[in-house]
Structures are given as C-alpha cells and as structure tokens.
Amino acid sequence: MKKTFLLMAITTAGISFGQGKIQYPQTKKGETVDVYFDTKVSDPYRWLEDDKSAETGAWVKAENEVTYAYLDKIPFREELKKRMEKLWNYEKIGAPSKEGKFAYYSKNNGLQNQSVVYRKDENGKEEVFLDPNTFSKDGTTSLGGLDFSEDGSKAAYAISEGGSDWRKVIIIDALSKKIVEDTLVDVKFSGVSWYKNEGFYYSSYDKPKGSELSAKTDQHKLYFHKLGTSQKDDKVIFGADQKRRYVGGYVTEDNRYLVITAANSTYGNELYIKDLTKPNSPIVTIVDNFNSDSNVIENAGSKLFIETDYNAPNKRVVTVDAANPKPENWKDFIKETKDILSPSTGAGYFFANYTKDAVSFVQQYDYSGKLVREIKLPAVGTAGGFSGKKEDKILYYSFTNYTTPGSIYSFEPKSGKSEVYAKPKVDFKSEDYESKQVFYTSKDGTKVPMIITYKKGTKLDGKNPTILYGYGGFNISLTPSFSIANAVWLENGGVYAVANLRGGGEYGKKWHDAGTKMQKQNVFDDFIAAAEYLIAQKYTSSDYLAIRGGSNGGLLVGATMTQRPDLMKVALPAVGVMDMLRYNAFTAGAGWAFDYGTAQDSKEMFEYLKGYSPVHNVKQGTHYPATMVTTGDHDDRVVPAHSFKFAAELQEKQTGENPVLIRIDVKAGHGAGKSVAATIQENVDIQAFTLYNMGFKALPKK
C-alpha cells in the first residue's frame with residue numbers, strides 16, 4: 001500500500017446545536033491520504049493516533065470538558081448515582097481455592113474499588129492476603145492474576161496499571177507475604193504457570209518502539225523464569241524462531257507436560273507438548289496448522305484429553321497417547337452434539353458445560369467416558385466453574401441470569417449434592433422482573449435468538465426506554481448474567497434486550513464464521529432486525545431505543561448507526577474498533593484478521609471493509625442519533641484513536657440537535673480492572689445521557 005503524507009491544515013469542527021447549544025472543541029484536520037489499490041482514502045484525523053503528543057492530550061481534555069459540562073446539567077444524574085451506589089453496595093464473595101494449607105478467595109465489602117484476596121487457615125482463621133486497593137491511591141492499579149507454586153509456598157501475582165494489558169509480575173513468599181525477588185516487567189497476554197516450586201512459564205513481547213500503548217506487537221514468546229534468577233536470564237522456550245502473535249504455555253497438574261499453544265489470529269492454533277520428566281526433551285507437534293482450536297485440558301499419565309473443534313464445529317473432547325499425538329490418532333471421549341461444548345475438570349471428573357440457545361446445561365463424566373449425571377441447575381441461566389484439582393472433594397460453580405444476582409454453589413461430585421455457598425443480599429426484587437427468549441428473523445431469513453428482560457406487567461405501548469445490546473464476533477457467546485447497572489435500568493422502567501448475533505459462539509463455528517470477513521454485514525443485519533422486532537412488537541419505538549456494545553460491539557454500534565441512523569434515538573459505542581482500514585496497525589490488532597480480514601488482503605476485501613467502517617461512513621448533513629462514545633486513554637487493546645476519529649467525524653458532520661459526545665476515562669484501559677467508583681460513574685453517565693435524550697426530565701416512575 002502506498003502512502004502519501006501532506007501538510008496539516010486547520011479547520012473547525014465547533015458546531016453549535018443541541019440541548020444547551022454545544023460548542024465542540026476545534027479539531028484540526030490534516031491532509032493525510034492513503035492509497036489502497038489505486039483508491040485514495042483521506043485520513044484527516046490521523047494525528048489523533050499519537051497518544052503521546054501534547055496536541056492529543058489537549059484534545060482529550062477539551063472534549064471531556066464539553067462532555068462533563070453536558071452531563072452535569074442532567075437534573076436526575078445525582079439521584080441515579082445514589083441509587084446505583086446503594087444497589088452496588090453489597091458483599092461479593094468468590095469461590096475458594098485450596099493452595100497449600102490455606103483456602104484463598106476474593107471478597108469485596110460492596111464499594112471497594114478493587115476486590116481483596118483473603119485466606120483462611122485450617123482452623124478457619126481469616127486474614128487479608130492481598131489488597132489491591134493499596135496498589136495505588138486512585139484505584140487504577142488492579143490485580144491481573146494470582147498463581148501459586150505446587151506446594152503453595154510461593155505466589156506470583158500480576159498487576160495492571162491504568163488498565164493497560166502490559167503487566168508486572170511480583171513474586172512473594174506466600175507464608176510471610178514478603179517479596180522475594182525483583183519484579184518481572186513487560187509481560188502481556190499471559191498467565192503464570194508454575195512448574196513444581198522451581199519457577200514458572202509466562203509470555204510476552206519485546207518492548208515496542210514508540211508508544212507501548214499503541215505500537216504494533218506481533219511476536220509473542222514463551223519464557224521460563226527460574227526462581228532466584230534475573231528476568232534478563234529467562235530462557236525463551238518457544239517463539240524465538242517461530243514468529244507467532246499469540247503464544248501460551250501451561251503445565252499439566254502432574255507436572256509431566258508443558259503444553260504450548262501458538263496462533264496468529266484469534267481463531268485457530270498450533271498445539272505442542274514437551275515432556276518435562278525428560279531433560280532436554282524435544283517440543284512435539286500435535287497440531288501443525290491454524291485450522292482449528294485445540295487445547296490439552298487434562299492427562300492421565302501419557303493419555304492426553306484434548307478439547308477441539310477439529311472436524312467438530314460444536315466441539316468435542318478426544319483422547320490420544322502422547323507418544324503419537326497427531327489428529328489421525330484421536331479418539332472421541334465426549335462426542336460432538338448439536339449444542340456447544342465447554343469442558344472442564346476437577347475432583348477426578350469431567351464436566352461438559354453446554355450452551356443451548358445461549359443458556360447452560362451441564363453433564364458430568366468419569367475418566368472412562370461414562371455419563372455420571374446431568375447436574376440440576378437452580379434455574380434457566382448461565383453456570384460456570386466446575387473446575388479444580390484432582391484431589392478436591394468439593395468443587396464450586398457460579399449461577400446467574402438477567403434477574404438473578406450471581407451466586408456461588410458448592411458441589412460434591414461423588415454424590416451430586418449441590419447447595420448454596422454464597423448468595424448475595426442485593427436490594428433488588430428479582431421476582432418483579434422476567435426474561436423472555438424470542439427468535440426473530442434477520443434480513444436473509446436466519447432465525448436469531450434474543451432475550452428481553454423487563455418488569456412484569458410492562459405495557460407494550462412503544463414508549464418503554466430500551467437498551468439493545470450486542471457483540472457478534474470472535475466466537476464469543478452472550479449468555480444471561482446479572483448486572484447492577486442493568487438492574488437500575490430495569491427499576492426505572494427500562495427494557496434490556498440482548499441479541500445473540502452471528503459472529504458469536506452461541507451455535508458453534510458455523511455461526512461464528514457466518515459473521516466474519518465478507519459476511520460481517522450479517523452481524524449488522526441481525527442487530528438491525530433485532531431493533532425492528534422490538535419496535536414492531538411495541539416493546540419500544542425509535543424515539544425510545546438505544547443501542548449499546550463494546551469493543552467489537554462498539555464496531556457493531558458504529559456500523560449500525562451509520563447505516564440506519566433513523567432506527568434509534570441513542571447510540572452508545574464503547575471502546576470500539578472504528579477504523580477498519582487501520583485496526584491492524586496497532587498493538588495486537590493484526591490478530592483480529594480472522595474475523596475482519598484486512599484492507600491489504602485484496603481490493604475486494606478493502607472495498608468491503610471501507611463499505612462499513614464507521615469512521616469512513618459518517619456522511620455530511622445526516623441526522624445521527626444522540627451519541628456518547630466511551631473509551632479509555634490507556635486502552636492498548638483497541639487504541640482510543642478509533643473512538644477519537646469517529647467522534648471527530650460525527651461532530652463535524654452531524655446535522656440537527658442530537659448531541660455527539662466522547663467520554664474519555666483517564667488512566668483507564670479496555671475495561672478490565674476498572675475501579676468500582678469509575679465503573680459506577682460510567683454507567684450512571686451512560687444511563688443519564690440515554691434517558692435525557694429520550695426526553696426524560698426526571699427518572700421514570702418505577
């Protein structure tokens with residue numbers, strides 16, 4: 001691709017309109033032009049990609065001043081915040097995990113910015129083990145992972161600063177909680193997997209040139225860190241000679257094998273093992289291509305259990321001997337079914353967690369492959385967990401749905417007995433609300449499921465404020481889960497609808513593939529059809545409909561609002577992928593090519609991407625819905641330049657009175673680890689903005 005860079009010019013995007021006459025900041029326009037297959041494409045806001053520049057910083061500050069001045073004038077914003085805080089303020093407890101002589105678990109007393117890690121000894125004495133609230137004064141440094149050595153005497157925990165995907169790993173003596181050696185730095189997209197008590201495996205990239213928040217990272221490496229040595233002496237195990245964008249390594253529970261996965265995209269991986277019982281053993285290839293997702297989930301001696309979608313779009317579990325592990329030797333252990341499998345192991349059993357029409361059911365198997373039982377769940381919803389060590393006698397699982405706060409259940413695999421372990425006390429009357437699953441028809445005739453949640457007795461008169469949420473990508477399934485923010489929305493008479501669009505994983509690989517590359521428009525069509533269904537059935541109308549999504553879902557909102565600006569009153573794109581011609585130029589963005597394709601692939605792919613890319617499809621003189629773009633200035637997953645450029649385009653070209661704002665969290669990333677205070681305020685602002693632009697001057701009557 002040929003690029004031409006011309007001198008910058010200054011223009012004004014300060015347009016006055018809307019409630020209170022918004023005067024937007026002046027956004028400089030440049031004359032940068034890229035050439036794709038003889039087609040010139042201007043990129044006037046390229047300068048906003050420089051996250052280190054003073055100019056970009058000044059623009060962020062100016063935009064936030066406009067946004068918060070607008071939000072401050074919403075009369076019911078503070079009332080909404082008080083209710084959100086009250087509802088959020090309940091104790092949250094995580095499932096315990098036995099490490100050495102202690103049981104470790106997380107707990108949040110309600111409004112703590114970060115959950116605290118506690119432990120109990122064999123006598124039940126409780127103490128704080130790690131308090132992430134002490135990591136930074138403003139709550140922007142979070143715990144990114146915690147892993148223990150085999151005997152539980154050592155621990156390694158990762159921290160994220162300002163929401164960044166880059167991590168530091170701190171190694172401590174678990175008994176005394178004292179740091180025992182230098183902190184590891186520049187760790188990214190990595191877990192920590194201990195080998196006995198000697199050290200651990202982790203993955204990272206070489207530090208990029210330029211900004212670590214936006215510069216491209218595309219060669220991932222797996223390292224082994226031996227305790228008591230310097231990080232600079234850590235040995236590269238995989239990735240030095242084989243250039244891969246994503247490399248992971250984990251040790252089997254019996255310390256016999258190192259399992260290595262390697263990929264260049266978010267779908268499809270190579271699979272390798274290394275026998276750790278033999279000095280200098282070779283790395284053995286199991287899968288030598290990127291045409292399937294496969295992972296070793298368990299072993300019994302040399303017998304490997306592999307979760308895979310190879311020749312099984314809905315996934316299966318196979319077995320093979322480590323001496324001859326190639327796919328031609330695989331044998332079915334848990335066969336593929338019409339439902340989507342997500343397996344786990346613990347207490348000497350396998351658990352097949354299936355998704356059927358976006359809700360869970362779980363079956364238990366023994367190591368011979370015999371079905372032991374189907375586990376009775378508390379209700380219709382989402383179950384997760386059912387994992388642990390082989391010697392565990394009790395396992396734990398979580399259960400939730402759109403009206404039921406997440407609870408933890410203990411489960412005895414031998415007897416099948418299940419009981420409540422931790423049930424939160426939330427000031428929300430779940431029994432007053434209901435969820436209904438519907439199947440609507442998309443543009444090409446495909447039936448798409450959607451779950452709609454609302455207060456019982458809600459009138460279907462087209463006047464209910466409604467949020468339609470979607471994602472539709474990367475094989476990710478949207479299953480029912482409780483949200484305090486959504487509970488507040490429901491309390492205020494809102495309808496909350498979640499559409500299970502193509503591109504997701506709700507119906508396996510075929511459903512995923514149907515929303516990728518040259519079929520990406522299916523995802524937007526599915527979302528548009530969901531909105532049209534809600535309007536036709538009088539749950540809402542275009543005057544009371546908001547669309548919302550984050551990351552790939554932010555792209556969904558951006559594409560939908562530029563294609564059908566008449567369909568909704570409010571658009572809420574969060575941390576979205578908005579520039580489809582350049583997404584692969586930043587951080588690990590090139591790894592998303594399986595879903596999106598790239599503008600460099602072919603002229604046809606370039607034209608297809610340009611045809612829906614939100615940044616390139618904002619048209620002068622169009623009445624766009626009231627829009628609040630949200631992002632974080634430290635987002636190094638989907639760099640904020642995507643949102644910056646989209647907001648600038650909208651502010652310049654919007655016609656009419658609907659506001660176009662961008663709310664930029666400072667010292668925040670893609671979302672993980674965000675403090676409770678920041679999360680509450682963001683949700684308050686989103687709901688306040690939404691209701692205000694639907695014409696509400698006070699909170700709707702409950």
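Two strands pair if DSSP finds at least two bridges between them; strands (E, at least two residues) and helices (H or I, at least four) are DSSP runs numbered from the N terminus. The model is predicted, with local features needing pLDDT of at least 70, side-chain atom pairs counting only at pLDDT 80 or more, and totals for chains, interfaces and linings using all residues. Residues are numbered from 1 along each chain as its sequence is written, and side-chain values use heavy atoms, with hydrogens and water left out.

**Exercise 1. Confidence**

Task: State the mean pLDDT of the protein and the share of residues that reach 70 or more, then say what pLDDT does over residues 1-20.

Solution. pLDDT is the predictor's confidence in each residue, from 0 to 100.
- Step 1: The protein has a mean pLDDT of 92, and 94% of its residues reach 70 or more.
- Step 2: Over residues 1-20, pLDDT stays under 50. For this stretch the model has 58 contacts beyond four places in sequence, a contact being heavy atoms within 4.5 Å.

**Exercise 2. The eight-stranded sheet**

Task: Give the strand order, the edge strands and the bridge partner of Ile467, then place helices α3 and α10 against the strands.

Solution.
- Step 1: The order of this open sheet is β35-β36-β38-β37-β39-β40-β41-β42, and its pairing is mixed.
- Step 2: β35 (433-441) and β42 (660-665) each have a single partner strand, so one side of each is left without a neighbour in the sheet.
- Step 3: From one strand to the next the twist averages 20°. Axes are lines fitted to C-alpha atoms, for helices over the stretch in contact, and angles run from 0 to 180 degrees between N-to-C directions.
- Step 4: Inside the sheet, β37 (residues 466-469) and β38 (residues 495-499) are joined by four bridges in the parallel sense. Ile467 has Tyr496 of β38 as its bridge partner.
- Step 5: Helix α3 (residues 484-491) lies across β35, β36 (447-455), β37 and β38, at about 130° to β38. Helix α10 (residues 676-693) lies across β39 (545-550), β40 (570-574), β41 (626-632) and β42, at about 170° to β41.

**Exercise 3. The four-stranded sheet**

Task: Describe the sheet that contains β23 and β26, and find the bridge partner of Glu298 in β24.

Solution.
- Step 1: The four strands run in the order β23-β24-β25-β26 in an open sheet with antiparallel pairing.
- Step 2: β23 (294-300) and β26 (331-334) are the edge strands, each pairing on one side only. The twist averages 35° from one strand to the next.
- Step 3: Six bridges connect β23 with β24 (residues 303-308) in the antiparallel sense. Among the residues involved, Glu298 is matched with Phe305 in β24.

**Exercise 4. Aromatic pairs**

Task: Classify the ring pairs Phe189 with Tyr205 and Tyr397 with Tyr409, and say whether each residue is buried or partly exposed.

Solution. Rings of Phe, Tyr and Trp (its six-membered ring) pair if their centres lie within 6.5 Å; planes under 30 degrees apart count as stacked, over 60 as edge-to-face and the rest as tilted. Buried means under 20% relative accessible area, exposed over 50%, partly exposed in between (1.4 Å probe, protein chains only).
- Step 1: The whole structure has 44 aromatic pairs.
- Step 2: Phe189 and Tyr205 have ring centres 6.2 Å apart and planes at 80°, so they are edge-to-face. Phe189 lies in the loop between β14 (184-188) and β15 (193-195), and Tyr205 in strand β16 (residues 199-205), 16 residues apart.
- Step 3: Phe189 is partly exposed at 27% relative accessibility, whereas Tyr205 is buried at 4%.
- Step 4: Tyr397 and Tyr409 are stacked, at 5.3 Å centre to centre with 15° between the planes. Tyr397 is in strand β32 (residues 395-400) and Tyr409 in strand β33 (residues 407-412), so the pair ties together parts 12 residues apart in sequence.
- Step 5: Tyr397 is buried at 2% relative accessibility, and Tyr409 is buried at 12%. Both belong to one aromatic cluster with Phe351, Phe386 and Phe411.

**Exercise 5. Two loop residues**

Task: Locate Asp444 and Thr516, and give the contacts of each.

Solution. A polar contact is a pair of N or O atoms within 3.5 Å; within protein, one must be able to donate a hydrogen and the other to accept it, and residues adjacent in sequence count only if both atoms are side-chain atoms.
- Step 1: Asp444 sits in the loop between β35 and β36 and is partly exposed, at 47% relative accessible area.
- Step 2: Its side chain makes polar contacts with the side chains of Thr446 at 2.9 Å and Arg502 at 2.8 Å. Not counting residues up to four places away in sequence, Asp444 touches Arg502 and Asn522.
- Step 3: Thr516 is in the loop between α4 (508-513) and α5 (521-536) and is buried, at 8% relative accessibility.
- Step 4: The Thr516 side chain reaches the backbone oxygen of Asp513 at 2.8 Å. Leaving aside neighbours within four places in sequence, Thr516 is in contact with Phe594 and Asp595.
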